[in-house]
Amino acid sequence: MDSKKIARGGVSVAETLAKYGIKGTGMIIRCGAEATGILVKEACSLASHFSGCSLGNNIGDFLMKKTNGLVKHATKAAEKGGIAVVKNLADRARNGLS
């Protein structure tokens, strides 16, 4: 088998693994933000229960929804950009091995 063909296959495998790594990292960040929002919401619920004032709950819920939306948008954009860079680098490497 041709060594260049093997190297091109290796580049393709590395590209695929990098894409999955980028997508997995984005998913972990989104899940972490969601979990943080749940913890903050529970902390606010406990604070309002013991203090008797629940004014901050509506504001906190609104801010967490907006924050989660922002995190989702930012991570999706970063994933697309990262995958595009990886694809470009892999294409250049494969073309160099032709």
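Trainee: Is Glu-15 buried or exposed?

Mentor: Buried, with a relative accessible area of 10%. Buried means under 20%, exposed over 50%, partly exposed in between, with a 1.4 Å probe and protein chains only. This is a predicted model: local features need pLDDT of at least 70, side-chain atom pairs count only at pLDDT 80 or more, and totals for chains, interfaces and linings use all residues. Residues are numbered from 1 along each chain as its sequence is written, and side-chain values use heavy atoms, leaving out hydrogens and water.

Trainee: Which residue in H2 forms a salt bridge with Glu-15?

Mentor: Arg-94, with the closest N and O atoms 3.0 Å apart. Glu-15 is in helix H1 and Arg-94 in helix H2, so the pair ties together parts 79 residues apart in sequence. A salt bridge here is a side-chain nitrogen of Lys or Arg within 4 Å of a carboxyl oxygen of Asp or Glu. Helices are DSSP runs of H or I, at least four residues, numbered from the N terminus.

Trainee: And which residues are in the salt-bridge network?

Mentor: Glu-15, Lys-19, Lys-87, Asp-91 and Arg-94. Glu-15 meets Lys-19 at 3.4 Å, N to O. Lys-87 meets Asp-91 at 2.9 Å.

Trainee: New topic. What should H1 span?

Mentor: At 1.5 Å a residue, its 49 residues should span 72 Å. The expected span is 1.5 Å times one less than the number of residues. The end C-alpha atoms of H1 are 71 Å apart, which agrees.

Trainee: What follows H1?

Mentor: Gly-52, with a positive phi near 85 degrees.

Definitions and conventions:
Helices (H or I, at least four residues) and strands (E, at least two) are DSSP runs, numbered from the N terminus.
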